[in-house]
Structure formats: structure tokens, C-alpha cells
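This briefing introduces one protein structure to a reader who has not met it before. Please look over the sequence and the model first, then read the points below.

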Amino acid sequence: MKEAVAGELAAAYDSALVDRVRAGDFQYASGRLIVHLAREFGFCYGVDRAVDYAYQARRRFPGRNVFLTGEIIHNPYVNDRLRGEGIRFLSDAGESADRLGKDDVVILPAFGVTVGEMARLSGQGCTLVDTTCGSVLNVWKNVVRYAQDGFTSIIHGKVKHEETRATASQALKYPQGRYLVVLDRAEAAIVCDYIRHNGDPAAFLSRFHGAMSPGFDPDRDLLRIGCANQTTMLMTESLEIGEMFRQAMSDRFGDAALGSCFRAFDTICSATQERQDAVIALLEQEALDLMLVVGGYNSSNTCNLARICATKVRTYHIADPHCMLSADEIRHRPVGAPSTTAGIEDVTRGWLPPDGPIVVGLTAGASTPNNIVGEVIRRLETFCDVQSAGHPPSLPESVT
């Protein structure tokens with residue numbers, strides 16, 4: 001059904017303006033506004049494929065109920081468009097997977113689903129449309145191999161993220177399989193310290209409650225480990241955490257024993273890495289007044305792009321063009337805010353320089369379609385024209 005939905009997808013998500021900016025060496029100039037677009041941004045192959053499959057499924061099964069287990073990707077615009085196409089979300093109020101049967105079609109999202117969810121839906125006789133990203137499947141393959149060989153999977157990720165939950169479930173396919181999820185370097189350091197020196201098992205289990213496999217025993221399950229990660233985490237952090245664990249195992253057992261007690265595999269997805277590399281290159285090459293990062297607030301890869309940018313230049317993570325309230329005010333997610341504050345926004349005043357050229361860097365997360373990026377550029381252009389007639393505050397001032 002790919003050809004049948006191609007026109008509909010293009011109308012919903014493409015942007016002629018973005019195509020022009022690409023053709024113009026990723027730069028756009030209008031009046032005093034100059035926009036530098038990162039050379040890799042927006043929809044990745046896995047996201048594009050997942051959305052494409054969802055539209056195809058709606059066409060392929062006319063007259064049947066079509067469901068998604070939850071958000072297909074972390075972008076509210078795309079998810080709302082799918083609702084508009086008549087696709088029902090099992091995560092929405094009033095929906096329940098318990099009532100599904102052989103006449104129902106269920107789309108599995110790009111993040112994948114847990115082994116238990118897959119088994120339940122299959123057992124209910126549902127027709128399944130699997131859009132799980134290939135990069136996620138690659139992580140699963142390695143985690144299953146760890147479990148098969150009796151290694152505990154140390155997963156760098158967000159324990160409540162759909163992808164991490166699905167990956168962790170893969171570690172339990174074999175009786176000797178175990179997993180432990182670490183969010184960041186700080187949590188990794190706690191685990192590494194336990195590997196080196198042991199410690200209080202009860203305190204360890206309390207600290208990582210909810211982030212480890214049932215019956216986890218740190219004295220037993222940290223003797224042989226293999227590293228993996230949620231594919232959208234910050235690449236440099238994942239690699240550093242992998243090295244932290246390698247060094248801890250070396251300190252405990254010696255370099256000669258590493259082959260039998262430690263494994264590492266680079267499971268960062270190429271699209272995540274390419275977008276991070278592209279924004280780093282943009283920050284190095286251009287003198288920017290500010291950076292806009294566009295994408296869902298619960299999008300891990302988008303939040304990490306914002307973290308990278310904020311180390312170099314004033315950065316605003318916005319969900320969509322309407323977050324740019326005016327030439328004076330912008331609504332945005334605080335960079336580096338914990339995932340538990342995904343719904344909290346700041347409003348900053350005086351975010352655009354009042355006079356002279358405005359040089360803006362722009363990128364978008366892997367779940368952000370081109371039409372959203374194009375609308376951001378158009379709205380910026382309008383604000384810069386309007387602002388020329390007035391003088392808003394020259395220094396940004398944030399209020400929550």
C-alpha cells in the first residue's frame with residue numbers, strides 16, 4: 001500500500017521550504033534573519049517507516065478497528081494526525097487491550113513492545129503490524145545473546161521509556177537472563193563502585209528499585225555483564241558509561257579476565273549519532289545568537305540534542321512553532337530538566353535580539369516532520385519582520 005498513501009504522507013509531513021533550505025546549502029536568509037539548519041535533522045528512516053506503515057495499515061484494513069499500543073513516536077502532531085485517520089490508541093482513556101480479538105488490527109510502535117505484550121496480543125488473535133525500528137531490534141539481538149550466555153544486561157536508558165521496557169523484557173527470555181537500567185553517569189558510578197568493592201545489597205536494591213530484573217542479586221548478577229543502551233541516549237554518555245563498566249570489571253577481575261566477564265556493543269542507532277554529530281558541527285562552524293531544537297518534550301533524542309546545544313549557545317527546546325508566542329516571548333522545555341518534568345515549560349521574554357542581524361541555528365528530533373520545521377522558519381521570519389518596528393527587552397528573562 002506504499003504508493004496508495006504516498007500523496008497523503010507528503011501532504012501531511014513534507015515542506016517545500018525545507019526542501020529549498022536543503023538545496024541552499026542548509027541556509028535561509030530573509031531580511032535580518034539568517035537560519036542555519038543542521039545537515040541531519042528530523043524524521044529518521046525508522047520513524048518514517050513506522051508512520052508509513054501506520055497509514056498503510058489503515059488503508060489495508062478498511063472497516064476494521066485499527067489500534068496503536070501507544071504513541072507511535074514521541075511527537076504530538078504526528079500522533080494526533082493518526083488519531084484523525086481513525087487509528088485508536090490503547091493508551092487513551094476508555095480504550096483497553098483486554099477487549100481485543102481476531103477482528104482487530106494492532107500496530108506496534110517504533111519503540112517496540114515488551115515480550116509479554118507481544119505474547120498477549122498474539123494470543124488474542126489480533127492482526128499485528130510491527131513497525132519496531134531496526135536499530136531497536138539490533139539492541140534486542142545483543143541483549144538476548146547476553147541472556148543466553150548468562151550475562152546481565154546493563155542498559156543505559158530511561159527505565160519508564162517504552163523502548164527501554166521492551167529491551168529489558170528481552171533479557172528475560174532465558175532463565176539466567178538479568179538486567180539493570182542506569183540513567184546516567186552518576187548511577188553508573190554507583191554500580192561500578194559496587195562491582196569494585198561490593199557493599200550493602202539491601203541498600204543497592206533499594207536504590208535501583210524498579211530498574212532491575214525480578215530477584216536481582218548484585219553479588220551474583222554483577223559478576224558477568226554486557227552493556228547496551230536505549231538507542232536515543234546521548235552517544236558520548238553511553239560510550240563513557242560503557243568504558244566506566246569496562247574499567248570497573250578490569251579493576252575487579254583483571255584485564256586478562258575481561259573476555260569472560262565483560263561485553264560491550266555499540267548499540268547507538270546511526271540516525272541518533274548523525275543528528276548529534278550534525279548539530280556539533282553546526283555549533284563549531286557558525287556564530288549563532290541562539291539555537292532552536294524542535295521536537296516532543298518526551299522525545300529522548302530531541303532532549304539530548306538540546307543538551308548538546310545548550311553547552312555552546314542559548315538554546316530553546318520547543319514542541320512546535322506555536323511555542324514561539326511572539327517576537328518577545330517563547331514557551332520552551334527547560335534544557336536538562338528530568339524526564340519527570342516533561343510537562344513543565346518555561347516562558348522566556350526578550351528571546352530575539354531587537355536590532356541587527358539574527359543568526360539562528362535550527363535542528364529537530366528524529367520524530368519531527370519537515371512541515372513542522374518549515375513552519376518554525378516561517379514564524380521566525382514573521383517575528384523578525386514585526387520586531388523591526390518595536391524594541392522588546394534586549395536580555396532574555398525566564399519565568400516558569
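**Selected local features**

Q170 belongs to helix α7, which spans residues 162-170. The model is a predicted one. The points below take up Q170 and its surroundings, then an open sheet and its helices, a hairpin with the loop before it, and helix α13.

**Q170 in α7**

- Q170 has a relative accessible area of 6%, and since the cut-off for buried is under 20%, Q170 counts as buried.
- The side chain of Q170 makes a polar contact of 3.0 Å with the side chain of K173.
- Leaving aside residues up to four places away in sequence, Q170 touches V115, W140, V143 and V144.

**The open sheet and the helices on it**

- An open sheet is built from four strands, arranged in the order β8-β7-β9-β10 with parallel pairing.
- The edge positions are held by β8 (178-182) and β10 (262-264); each has a single partner strand, so one side of each has no neighbour in the sheet.
- On average, and with direction ignored, neighbouring strands of this sheet are turned by 25° against each other.
- Strand β9 (residues 225-229) runs parallel to β10 and is joined to it by three bridges.
- Within this pair, I225 is opposite F262 of β10.
- Helix α7 packs on the sheet, where it touches β7 (152-156), β8 and β9. The direction of α7 makes about 175° with that of β7.
- Helix α11 lies across β7, β8, β9 and β10. It runs at about 175° to β9.

**The β1-β2 hairpin and the loop before it**

- Strands β1 and β2 pair antiparallel over four bridges.
- S30 has L33 in β2 as its bridge partner.
- The two strands form a hairpin with two residues between them, and G31 in the turn has a positive phi of about 60°.
- In β1, Y28 and S30 make up the covered face, while Q27 and A29 make up the uncovered one.
- In a regular strand, side chains alternate between the two faces of the sheet.
- Ahead of this hairpin, D25 sits in the loop between α2 (16-23) and β1 (27-30). F26 lies in the loop between α2 and β1 as well.
- D25 is not a glycine, yet its phi is positive, near 60°. F26, also not a glycine, has a positive phi of about 60°.
- Most residues other than glycine have a negative phi.
- Is D25 buried, partly exposed or exposed? With 43% relative accessibility, D25 counts as partly exposed.
- F26, at 13% relative accessibility, counts as buried.

**Helix α13**

- Helix α13 covers residues 270-285, which makes 16 residues. From first C-alpha to last it reaches 22 Å, close to the 22 Å expected at 1.5 Å a residue.
- Which residues of α13 are buried? They are A271, T272, R275, Q276, A278, V279, L282 and L283.
- These buried residues cover an arc of only 160° around the axis, so they lie on the same side of α13.
- An α-helix has 3.6 residues a turn, so residues three or four places apart point the same way.
- E284 and Q285 are exposed on the other side of α13.
- The buried residues of α13 pack against three strands and two helices, namely β2 (33-37), β11 (290-294), β15 (358-364), α11 (235-253) and α14 (300-310).

Technical notes. Residues are numbered from 1 along each chain as its sequence is written. This is a predicted model: local features need pLDDT of at least 70, side-chain atom pairs count only at pLDDT 80 or more; totals for chains, interfaces and linings use all residues. Side-chain values use heavy atoms; hydrogens and water are left out. The expected span of a helix is 1.5 Å times one less than its number of residues. Buried means under 20% relative accessible area, exposed over 50%, partly exposed in between (1.4 Å probe, protein chains only). The arc is that of the directions from the helix axis to the C-beta atoms. Contact means heavy atoms within 4.5 Å. A polar contact is a pair of N or O atoms within 3.5 Å; within protein, one must be able to donate a hydrogen and the other to accept it, and residues adjacent in sequence count only if both atoms are side-chain atoms. Two strands pair if DSSP finds at least two bridges between them. Axes are lines fitted to C-alpha atoms, for helices over the stretch in contact, and angles run from 0 to 180 degrees between N-to-C directions.
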